[in-house]
Protein chains: 2
Amino acid sequence: MSKKAIILLSGGLDSVTVLAMAKQQGYTLYALSFDYGQKHNSELESAKRISQLYQVEEHKIINLGLGDIGGSALTDDALSVPTTEQEGIPITYVPARNTVFLSFALGWAEVLEAHDIFIGVNAVDYSGYPDCRPQFIEAFQALANVATKAGVEGQKITIHAPLIDLSKGDIIQQGINLGIDYAGTISCYSANSAGEACGECDSCRLRREGFKQAKVADPTRYIKNSTF
Amino acid sequence: MSKKAIILLSGGLDSVTVLAMAKQQGYTLYALSFDYGQKHNSELESAKRISQLYQVEEHKIINLGLGDIGGSALTDDALSVPTTEQEGIPITYVPARNTVFLSFALGWAEVLEAHDIFIGVNAVDYSGYPDCRPQFIEAFQALANVATKAGVEGQKITIHAPLIDLSKGDIIQQGINLGIDYAGTISCYSANSAGEACGECDSCRLRREGFKQAKVADPTRYIKNSTF
């Protein structure tokens, strides 16, 4: 039997690429998504489609009261998603999101007796979130080693972040080489219910530039009359 | 204005003691509890009562799909809570529970701009869970320093675990000195809806021994006809 891997799958461009990478490496795939009150809920539909397409062993969608904490334009109706580039850590940052997501992945890994977790964080063409940086992944790895039954018993649960040093263009190029059709992926923070992207938010901007860098036609379906 | 602290409040003996300690240190209290499908749901009622009694600024109860992951006798109906002492890490261990709880506390701390998180883990009279040990708290502290906006901006979020080196008897003694009435706290893994304890599970056993160590009458309400 092949090794099990848990893939944090948002349904966006990065996480799909990571899933395809893990599949190519021969892992049996367990996809983990979260319904945390994000406004861009259509990404979960994308995660479901992708999980079917890649025949994952199991796709778990966890309901999380992360929006209850507030503080982010991605979950709080009182805050708008900006359409221009921001200084510093932007308002779309969801406090401790990747820490929470990886914690759940860690718990599921223990139950499945999986020793590999994949996450599509990227520290090059990214929004400046603290929990997308290499030092965050390293610190979580150190935590995983002591937080778990596996760790206590001398088995390691490895956090893989294969995109962390890649440009968005490189990620797309690698994904295309793996046969990914990015048309079905949703990265937009303000996607409508039809899964169309705004073209204007930080995530759309990084994605559009990535397709340019990769010299690949952008297959994203944008909302009609977008002005970008 | 006094400093804000987030207290992870299960409603059990340890977390109440920690809450009283933080109050004595002059913090403004924010209590955080989780509804994660635990069978011993009456502990949440205890957490609510305690939050009122101690006049916390806010008590947040987060709904968590932690039970969806399975693997623990505390959340999985297919697994029974043992009534005898177990070898190794017991089946009542909820995979990555404290990692998930602290992650949420970290997110809330960012939103509140709080710099202190209190957790009632204890590594002396405890059930042998990996995420109750000093090395776990140290690793989470290191993670908190890099995972957050506060960390990036040079401010620290400190994880306080004031019970970590205390015996259960010492915890109870300190709590009594702080005026805690432990009658209202629930530690039992199998408490009934009236909040009565089984007296037989690991958590009951540690608690009973703690009252003996502290030479304090055990105020716990036990289920009638318990045979321990």
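Strand β4 (residues 116-118) of chain A and β5(A) run parallel and are joined by 3 bridges. One of the pairs is easy to find: F118(A) has H160(A) as its bridge partner in β5(A). This is a predicted model.

Start from that pair and widen the view. β4(A) and β5(A) belong to an open sheet of 5 strands in chain A. Its order is β3-β2-β1-β4-β5, and the pairing is parallel. β3 and β5 (158-160) of chain A are the edge strands, each with a partner on one side only. From one strand to the next, the twist averages 25°. Helix α3(A) packs on this sheet. It touches β1 (4-8), β2 (28-35), β3, β4 and β5 of chain A. The direction of α3(A) makes about 160° with that of β1(A).

Now take chain A as a whole. It holds 7 helices and 5 strands. Read from the N terminus, the elements follow the pattern β-α-β-α-β-α-β-α-α-β-α-α. Chain A has 228 residues, and 52% of them count as buried. Consider next the contacts in chain A with a separation of 6 or more. Of these, 71% are made by residues 24 or more positions apart.

Chain A also meets chain B. Each side brings residues to the contact: 37 from chain A and 37 from chain B. On the side of chain A that touches chain B, four elements supply at least two residues each: β3 (58-63), α3 (97-112), α4 (134-147) and α5 (149-152). The largest share, 9 residues, comes from α3(A). By class, the residues on this side of chain A divide into 22 nonpolar, 10 polar and 5 charged. α3(A) thus appears in two settings: it packs on the sheet of chain A, and it supplies residues to the side that touches chain B.

Cross over to chain B. Here 5 strands form an open sheet with parallel pairing, in the order β3-β2-β1-β4-β5. The edges are β3 (58-63) and β5 (158-160) of chain B, and each pairs on one side only. The average twist between one strand and the next is 25°. Helix α3 (residues 97-112) of chain B lies across β1, β2, β3, β4 (116-118) and β5 of chain B. It runs at about 160° to β1(B).

Look closer at one pairing in this sheet. Strands of a sheet pair through backbone hydrogen bonds, either parallel or antiparallel. Strand β1 (residues 4-8) and strand β2 (residues 28-35) of chain B run parallel, and 5 bridges join them. A5(B) has L29(B) as its bridge partner in β2(B). Further along, I7(B) has A31(B) as its bridge partner in β2(B). How many of the 8 residues of β2(B) are buried? The count is 6 of the 8, so β2(B) is largely enclosed by the rest of the structure.

Leave the sheet for two helices of chain B. Helix α6 (residues 168-177) and helix α7 (residues 202-214) of chain B pack with their axes 7 Å apart, at an angle of about 65°. An angle of 65 to 115 degrees counts as roughly perpendicular. α6(B) and α7(B) are therefore roughly perpendicular to each other. Their crossing is right-handed. From α6(B), the contact takes K168(B), G169(B), I171(B), I172(B) and Q173(B). From α7(B), it takes L206(B), R207(B), E209(B), G210(B), F211(B), Q213(B) and A214(B). By class, this contact has 5 nonpolar, 4 polar and 3 charged residues.

Finish with one residue of that contact. Q213(B) sits in helix α7 of chain B. Leaving aside residues up to four places away in sequence, Q213(B) touches S167(B), K168(B) and G169(B). Two of these, K168(B) and G169(B), are among the residues of α6(B) that meet α7(B). Why does Q213(B) count as partly exposed? It has 16 C-beta neighbours inside 10 Å, and therefore counts as partly exposed. A residue is buried with 20 or more such neighbours and exposed with 12 or fewer. Where does Q213(B) lie relative to A31(B)? The two are 182 residues apart in sequence, and their C-alpha atoms are 29 Å apart in space. A31(B) itself is the partner of I7(B) in β2(B), back in the sheet of chain B.

Methods
Residues are numbered from 1 along each chain as its sequence is written. Chains are lettered from A and ligands numbered from 1 in the order in which they are written. This is a predicted model: local features need pLDDT of at least 70, side-chain atom pairs count only at pLDDT 80 or more; totals for chains, interfaces and linings use all residues. Two residues are in contact if their C-beta atoms, placed from the backbone, lie within 7 Å. Ala, Val, Leu, Ile, Met, Phe, Trp, Tyr, Cys and Pro count as nonpolar, Asp, Glu, Lys and Arg as charged, and the others, Gly among them, as polar. Two strands pair if DSSP finds at least two bridges between them. Axes are lines fitted to C-alpha atoms, for helices over the stretch in contact, and angles run from 0 to 180 degrees between N-to-C directions. Angles under 35 degrees count as roughly parallel, over 145 as roughly antiparallel, 65 to 115 as roughly perpendicular and the rest as oblique. A crossing is left-handed if the near helix is turned anticlockwise from the far one by less than a right angle, and right-handed if clockwise.
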